[in-house]
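Here is a quick tour of a structure, worked through region by region. Keep the sequence and the 3D view open as you read.

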Amino acid sequence: MSVENKSNKYILKKTNEYKYLSPEYTYYLITGNNTKYYVKTKSPVLKEQLVFEDNNEKFYANISGTVMGRKIFEDKNYLVIRNDYHEKYNLNKTLRKKINKLTKREMLDILINADASDYSSNIKYFVNNFDSIDSLVLSLLICEDSDKIYSEVFNKYNSDILEIFDAISQVFEIKNPIIILSDTDDNNIEFVTNLSGMYPDIRIVLSHDKYPASHPLLITRKLNLNNALVLTSMDLYYLYSIIKRNKKVFEKTIYITGENLEFNYLVDTKLNVLVKDIFEFCNIETTDEDILCKNSAIKAEIISPFDIIDSTVDSIVIAKKTCEKQKECINCGLCNKYCPQNINPQIYKLNKKPFPGKCIDCNMCSYICPSKIRKDI
Ligand code: SF4
Ligand code: SF4
């Protein structure tokens with residue numbers, strides 16, 4: 001599957017903000033691998049109550065309400081909870097003060113005991129490899145429309161994100177904490193510049209690169225770093241909630257964008273709601289010609305309207321299907337120009353040869369191609 005490459009005009013459209021924090025239903029994916037239930041159908045549940053374990057992962061209710069039983073959409077089996085709109089909590093939790101005074105062991109224990117099976121791959125990597133990380137990079141780079149979510153989340157929670165970024169860097173003795181931003185991101189540039197005195201250890205780097213510079217490997221290469229981990233503002237806000245607010249994360253902000261949308265949408269939403277329910281709530285209409293891409297039109301990972309918003313969904317790009325529209329190569333050279341690995345993808349695409357090992361699968365050569373010739377055929 002490939003998508004139109006017309007996007008990336010970078011955000012001249014207005015962004016509308018929505019709050020979808022009181023959905024009628026939330027959905028929890030059951031794989032059926034050693035599933036152990038802690039609630040019964042029609043029983044009441046509290047927010048943060050453990051509802052089931054599945055494949056050794058624990059699932060907690062993110063609303064209070066009633067267990068409605070199981071429901072199947074497109075072969076996916078969900079446990080459904082209906083909202084009572086009271087947000088009754090299982091536990092009362094308080095803010096931790098002075099998080100930079102925690103020891104490394106205390107902070108690690110918080111992260112491990114938070115039992116967040118839905119940590120992003122970045123956070124999992126951090127928890128398992130903190131000893132070998134020399135540089136921590138917060139990337140706010142905007143290289144395609146969907147990346148704007150990271151800049152927006154930083155803009156919304158900037159003080160909290162800087163607090164946790166600084167605390168983690170100090171507690172885990174990270175030598176190089178760096179924030180990299182696009183040089184067009186005026187609001188965030190002003191904010192980090194004003195606060196740079198408060199956080200003297202954090203280095204600020206401005207980048208004027210266009211795509212595909214937001215790939216973590218390209219960021220670390222640009223900054224000339226070894227043993228670095230690139231985090232998003234979403235990762236850090238997640239860590240802030242776990243470490244400082246002492247709370248699991250049941251809500252997030254997502255960004256919905258697309259060539260044919262009149263507006264972009266910034267939506268504060270509960271996790272575990274169906275994509276189609278958010279679209280309905282925001283009055284976003286799609287057609288059979290549209291595909292929904294998770295987080296990036298360039299990578300074109302497809303998401304269904306019957307999938308749920310989980311911690312891995314940061315944005316949704318509504319794009320046009322282009323499967324049937326491949327044309328002859330016009331020798332424009334764009335794939336060669338934008339390949340970050342100097343591969344000349346044209347040769348491999350046209351000869352249908354396997355791409356060499358140094359390809360990082362960024363998919364830029366498919367995305368950029370005006371003839372829609374993809375890498376994966
Ligand atoms: S997918 Fe591979 S060949 Fe294509 S642009 Fe990216 S690195 Fe280059
Ligand atoms: S981008 Fe597409 S059309 Fe242009 S040289 Fe590469 S394969 Fe050919």
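## Domains

A word on terms before we start: the domain bounds used here come from an automatic or database domain assignment. With that in mind, the chain is split into domain 1 (15–91 + 247–320), domain 2 (99–243) and domain 3 (326–377). Bear in mind throughout that you're looking at a predicted model.

How far apart do the C-alpha centres of domain 1 and domain 3 lie? The distance between those centres is 35 Å. The two domains do touch, though: four residues of domain 1 are in contact with five residues of domain 3.

## Helix α6, wrapped up by its neighbours

Helix α6 takes in residues 233–243. Is this helix enclosed or open? It is largely enclosed by the rest of the structure, because 11 of its 11 residues are buried. If you want to find them on screen, they are S233, M234, D235, L236, Y237, Y238, L239, Y240, S241, I242 and I243.

What do these buried residues of α6 pack against? Among the helices, the partners are α1 (104–113), α2 (121–129) and α3. On the strand side, they are β9 (135–139), β12 (228–231) and β13 (251–258).

## Two buried serines

S241 is one of the residues of α6. Its relative accessible area is 2%, under the 20% cut-off, so S241 counts as buried. Setting aside neighbours within four places in sequence, S241 is in contact with N246, K247 and V249.

Now hop over to S151, which belongs to helix α3 (residues 148–171). S151 is buried too, at a relative accessible area of 5%. Not counting residues up to four places away in sequence, S151 touches L140, I142, D185 and N188.

## V51 in strand β5

Next, go to strand β5 (residues 50–54), where you'll find V51. Is V51 buried or exposed? V51 counts as buried, with 0% relative accessibility.

Its contact list, with neighbours within four places in sequence left out, runs to K36, Y37, Y38, V39, V45, F59, Y60, A61, L79 and I81. For a sense of distance, take V51 and D84: they sit 33 residues apart in sequence, and their C-alpha atoms are 16 Å apart in space.

## L350 in helix α9

L350 lies in helix α9 (residues 345–350). This leucine counts as partly exposed, because its relative accessibility is 43%, which falls between the 20% and 50% cut-offs.

Apart from neighbours within four places in sequence, L350 is in contact with C329 and I373. Compare its position with S135: the two are 215 residues apart along the chain, and 39 Å separates their C-alpha atoms.

## The two ligands

Ligand 1 has 14 residues around it, and C339, C359, C362, N363 and C365 come nearest. By class, that shell is made up of 10 nonpolar, two polar and two charged residues. Which cavity does ligand 1 sit in? It occupies the second largest cavity.

Ligand 2 sits in the largest cavity. Around ligand 2 you'll see C329, I330, N331, C332, G333, C335, Q346, K349, C369, P370 and S371. Sorted by class, the shell of ligand 2 has six nonpolar residues, four polar and one charged. C329 may ring a bell: this residue is part of the surroundings of ligand 2, and L350 is in contact with C329 as well.

Definitions and conventions
Residues are numbered from 1 along each chain as its sequence is written. Chains are lettered from A and ligands numbered from 1 in the order in which they are written. This is a predicted model: local features need pLDDT of at least 70, side-chain atom pairs count only at pLDDT 80 or more; totals for chains, interfaces and linings use all residues. Side-chain values use heavy atoms; hydrogens and water are left out. Helices (H or I, at least four residues) and strands (E, at least two) are DSSP runs, numbered from the N terminus. Buried means under 20% relative accessible area, exposed over 50%, partly exposed in between (1.4 Å probe, protein chains only). Contact means heavy atoms within 4.5 Å. A residue is near a molecule or strand if one of its heavy atoms lies within 4 Å of it. On a 1 Å grid over the protein atoms alone, a cavity is a set of points where a 1.4 Å probe fits but cannot get out, and a pocket is an open set with protein on both sides within 12 Å along at least five of seven lines; lining residues have an atom within 4 Å of a point. A molecule sits in a cavity or pocket if more than half of its atoms lie within 2 Å of its grid points. Ala, Val, Leu, Ile, Met, Phe, Trp, Tyr, Cys and Pro count as nonpolar, Asp, Glu, Lys and Arg as charged, and the others, Gly among them, as polar.
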